[in-house]
Amino acid sequence: MSRSPIRRPPASLDLSKVFRVVDQLPELLTSESMFDNTKPLEMEVGSGKGLFMATASVENPRHNFVGIEINNKCAEHAAGRLARTEACNAIMISGDAEPLFNERVPAGSLEAVHVYFPDPWWKKKQRKRRVLNERSILNFSKALRPGGRLHVWTDVLDYFEETVEIIAEIAPELGVPIPEEEIEAQHDLDYRTHFERRSRRYRIPVYRVRYEKRSNA
Ligand SMILES: C[S@@+](CC[C@H](N)C(=O)[O-])C[C@H]1O[C@@H](n2cnc3c(N)ncnc32)[C@H](O)[C@@H]1O
C-alpha cells in the first residue's frame, strides 16, 4: 500500500505559533507554559500528518492540543495544517514523545492522551521501539488527571491485544477498555487520522478503545 508523500509547508507559511523543536520547549509542558492559559490540555503521540490535531483543535476551542511527532518533516507538515487553520490552541512538537513524557509532563495534568495507529514494529527484536509499552503506559496514566482519557486505535490486532493486557496488568487505575465506534465519514477528510482513512479505504479492521482514569485513582 503506497503512502502519499509528506511535504514540508511552504517557507511563506508562518509556523512560529504552532511549531516547536525540543530545545525551544519550556521545562514543563503545561497549558500555562505553552499557551499562557489554563485550558485542559490534550496530547497526541505520533501525529503523522496532523489531521487529528487540526480537526480536534478547531472542534474543541476550549481545550489545548499538543502533538508530538518524531519525524521532523511530518511534524512540520502537521504544523503547516495548524497554521492554515490559524489555530491558537494547538502546537506541534518535533521530537521523541518518550523522554518528554518521562521528564516534562506533570503528574495528573492532562485531560487526554491520544495514540492513533502507532507504528507496529512487527519483528520481535524491534518491538521495544513500540510507542505503547510498559513504560509509556505508566507515563500516560501518571500524566492523566483523574477522569482523563487515553485513546488507543490501531489496525494491528496483536499490538491491540498486548496493549490491553499490559494496561490491565500494570495500570488498573485506567479501568476497562471502552469501545469507540466507527463513524461514517461525511467527506474525504472526515476521519480521526490519515491512517484511519487509509484503513477504511482498504477495508482493514480497526480496534478502537478509550480508557477513563478512575476518579479515585
Ligand atoms: C503509523 S504513523 C500514524 C500517524 C497518525 N497517528 C495517523 O494515524 O495517521 C505513526 C507515527 O508515529 C510517529 N512516532 C513513532 N515513534 C514516535 C515517538 N517516539 N515519538 C513521537 N512520534 C513517534 C511516527 O513518526 C509516525 O508519524
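Let's start with Phe117, which sits in the loop between S5 and H5. Those labels follow DSSP runs numbered from the N terminus, where a helix is a run of H or I with at least four residues and a strand is a run of E with at least two. What we are looking at is a predicted model, in which local features need pLDDT of at least 70, side-chain atom pairs count only at pLDDT 80 or more, and totals for chains, interfaces and linings use all residues. Residues are numbered from 1 along each chain as its sequence is written.

Phe117 has a phi near 55°, a positive value in a residue other than glycine. Is Phe117 buried or exposed? With 21 C-beta neighbours inside 10 Å, Phe117 counts as buried. The cut-offs, using C-beta atoms placed from the backbone, go like this: 20 or more other C-beta atoms within 10 Å means buried, 12 or fewer means exposed, and anything in between is partly exposed. For a contrast, try Asp36, in the loop between helix H1 (31-35) and strand S2 (41-45). Asp36 also isn't a glycine and has a positive phi, of about 60°, but with 7 C-beta neighbours inside 10 Å it counts as exposed.

Phe117 also belongs to the ligand's surroundings. Of the 20 residues around the ligand, Phe117 is one of those that come nearest, together with Gly46, Gly48, Thr193 and Phe195. Here a residue is near a molecule if its C-beta atom, placed from the backbone, lies within 6 Å of it. Strand S3 (64-69), helix H4 (97-103) and helix H7 (194-201) are the elements giving two or more residues to this shell. Sorted by kind, the shell has 10 nonpolar, 6 polar and 4 charged residues. In that count Ala, Val, Leu, Ile, Met, Phe, Trp, Tyr, Cys and Pro are nonpolar, Asp, Glu, Lys and Arg are charged, and the others, Gly among them, are polar.

Now for the sheet. Eight strands would be a lot to trace one by one, so here is the order: S1-S4-S3-S2-S5-S6-S8-S7, an open sheet of 8 strands with mixed pairing. Two strands pair if DSSP finds at least two bridges between them. At the edges are strand S1 (19-21) and strand S7 (178-179), each pairing on one side only.

Follow S5 (residues 110-116) and you'll meet two parallel neighbours. With S2 it shares 5 bridges, and Val45 has Val115 in S5 as its bridge partner. With S6 (residues 144-154) S5 shares 6 bridges, with Val113 opposite Leu150 and Tyr116 opposite Trp153. Between S5 and S6 the chain passes through helix H5 (residues 134-143), making a right-handed β-α-β crossover. Right-handed means that, with the strands pointing away from the viewer, the path from the first strand over the helix to the second runs clockwise. Why is S5 largely enclosed by the rest of the structure? It is because 6 of its 7 residues are buried. On from there, S6 pairs with strand S8 (residues 207-212) in the antiparallel sense over 6 bridges, one of them matching Arg149 with Glu212 in S8.

Helix H5 deserves a look too. Its buried residues are Ser136, Ile137, Asn139, Phe140, Ser141 and Ala143, and they pack against H4, S5, S6 and helix H6 (157-170). Ile137 is buried, with 22 other C-beta atoms within 10 Å. Leaving out residues up to four places away in sequence, Ile137 touches Leu132, Ile166, Ile167, Ile170 and Ala171, where contact means C-beta atoms, placed from the backbone, within 7 Å.

Finally, the core. The largest nonpolar core has 47 residues, and Val18, Leu82, Met92 and Val113 have the most contacts inside it. Such a core is a set of buried Ala, Val, Leu, Ile, Met, Phe, Trp, Tyr and Cys residues joined through C-beta atoms within 7 Å. Helix H3 (residues 72-85) gives the largest share, 6 residues. Val113 itself touches Met43, Val45, Phe140, Ala143, Leu144 and Leu150, not counting residues up to four places away in sequence.

How values were computed
Two residues are in contact if their C-beta atoms, placed from the backbone, lie within 7 Å.
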